[in-house]
Amino acid sequence: MAEKPSPDFKGEAYQPKHEVFFNDGREIALLHYIYGRADLEELRGNPLKILKAIDEYGRTVKYLMNIGEYKSKTVVELIKQEKPEIMVELGGYVGYSAIAFASALKEAGGKKYYSLEKSPEFGAVISVLVELAGLGDVVKVVIGTSSDSLKRLHKDGTLKHIDLLFLDHYKPAYTSDLKLCEELGLVGPGSVFAADNVIIPGNPQYLEYVRSSVEEKLEKFSGTSEPGPKGNPKLVYESKLVEGWEPSGVPDGVEVTRCTGVQK
Ligand SMILES: C[S@@+](CC[C@H](N)C(=O)[O-])C[C@H]1O[C@@H](n2cnc3c(N)ncnc32)[C@H](O)[C@@H]1O
């Protein structure tokens with residue numbers, strides 16, 4: 001069933017999201033669409049125009065699972081406010097969020113944006129569009145599953161600390177990847193996390209985790225026989241939902257969480 005825009009949605013929606021909504025050739029077709037445009041020369045080195053062109057493809061050709069222009073504003077505002085040096089995204093797809101957020105990070109004086117993407121094909125699309133946007137010096141695309149990449153980047157010393165973590169990949173992995181970052185010491189006081197799609201499709205397990213107090217985490221999440229990283233339940237979080245729209249015109253939200261300290 002195709003998702004229909006909400007009657008309250010006032011913007012221009014992407015094409016409907018059908019049962020098959022990615023990995024059917026549309027990502028490479030997007031590259032042909034971009035490189036076939038009459039205004040290609042104006043797109044070079046212009047992240048905003050590239051984002052608009054990607055949105056135009058989503059609206060006129062085929063749906064793309066991007067964060068889209070509405071919810072991306074939440075994260076761009078966060079970048080302006082927090083001025084992160086190092087940002088990591090989990091799930092890059094065709095590079096929409098990488099272009100939007102790395103451009104904001106660069107403007108705010110940040111150093112590096114790591115885009116962790118499982119699919120080598122999607123990773124190649126991200127790299128091409130990031131280069132076109134003139135952000136090749138800031139964005140590093142890392143191919144592999146997020147947990148493997150996080151472990152490797154930590155082990156080889158590339159990644160020591162994450163100022164802003166954007167979670168937008170496999171929904172059940174949000175909590176385990178956050179716990180992995182906690183366990184590796186990649187996140188701590190001052191780190192901020194922005195998690196997409198916490199309403200559609202939703203992520204109750206993640207919301208419960210980041211909204212729990214240290215005491216609740218120690219009680220509910222420690223000492224379980226659940227496989228995977230144990231995390232650091234002593235990290236104190238403050239978390240809130242920022243409502244927004246999917247590019248398809250469906251209501252959704254980004255959960256913004258700040259680590260405010262470590263409980264003794
Ligand atoms: C919703 S899309 C990301 C959209 C992108 N952040 C944007 O807004 O432009 C989810 C992406 O996560 C990737 N993905 C899924 N599981 C993953 C994993 N375990 N590690 C890394 N990437 C993963 C998928 O291949 C897909 O490209």
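A contact here means heavy atoms within 4.5 Å. By that criterion, residues 24 or more positions apart account for 75% of the chain's contacts with a separation of 6 or more. The model is predicted.

The secondary structure comprises 11 helices and seven strands. For 264 residues, a compact globule would have a radius of gyration near 18 Å; the chain has 18 Å, so the two agree. Along the principal axes, the C-alpha atoms fill a box of roughly 60 × 40 × 30 Å. Of the 264 residues, 52% count as buried. The chain exposes about 12200 Å², and carbon and sulfur atoms supply 54% of this area.

Helix H8 (173-183) is mostly covered. Nine of its 11 residues are buried. The buried set starts with Ala173, Tyr174 and Thr175. Asp177, Leu178, Lys179, Leu180, Cys181 and Glu182 are also buried. Charged side chains are thus represented in this set by Asp177, Lys179 and Glu182. The packing partners of the buried H8 residues include both helices and strands. The helices are H7 and H10 (204-210). The strands are S1 (86-90), S4 (164-167), S5 (192-195) and S6 (235-245). Just after H8, glycine 185 takes a positive phi of about 75°.

H8 also contributes to the largest pocket, giving two or more residues to its lining. This pocket has a volume of about 800 Å³. Its lining consists of 36 residues. Met65, Asp168, His169, Tyr170 and Lys171 lie nearest the centre. Besides H8, the elements that give two or more residues are helix H5 (96-107), strand S2 (112-117), helix H7 (146-155) and helix H9 (198-202). By class, the lining has 15 nonpolar, 12 polar and nine charged residues.

The second largest pocket has a volume of about 450 Å³. It is lined by 19 residues. Leu48, Leu51, Ser72, Val76 and Ala100 lie nearest its centre. Helix H3 (47-60), helix H4 (68-82) and H5 each supply at least two lining residues. H5 therefore meets the two-residue criterion for both pockets. The lining of the second largest pocket has nine nonpolar, two polar and eight charged residues.

Notes. Residues are numbered from 1 along each chain as its sequence is written. This is a predicted model: local features need pLDDT of at least 70, side-chain atom pairs count only at pLDDT 80 or more; totals for chains, interfaces and linings use all residues. Side-chain values use heavy atoms; hydrogens and water are left out. On a 1 Å grid over the protein atoms alone, a cavity is a set of points where a 1.4 Å probe fits but cannot get out, and a pocket is an open set with protein on both sides within 12 Å along at least five of seven lines; lining residues have an atom within 4 Å of a point. Grid points are joined across faces, edges and corners, and a volume is the space filled by probe spheres set on the points. Helices (H or I, at least four residues) and strands (E, at least two) are DSSP runs, numbered from the N terminus. The radius of gyration is taken over C-alpha atoms; the globule rule is 2.2 Å times the number of residues to the power 0.38. Buried means under 20% relative accessible area, exposed over 50%, partly exposed in between (1.4 Å probe, protein chains only). Accessible areas come from the Shrake-Rupley method with a 1.4 Å probe; for residues, only the protein chains shown count as cover.
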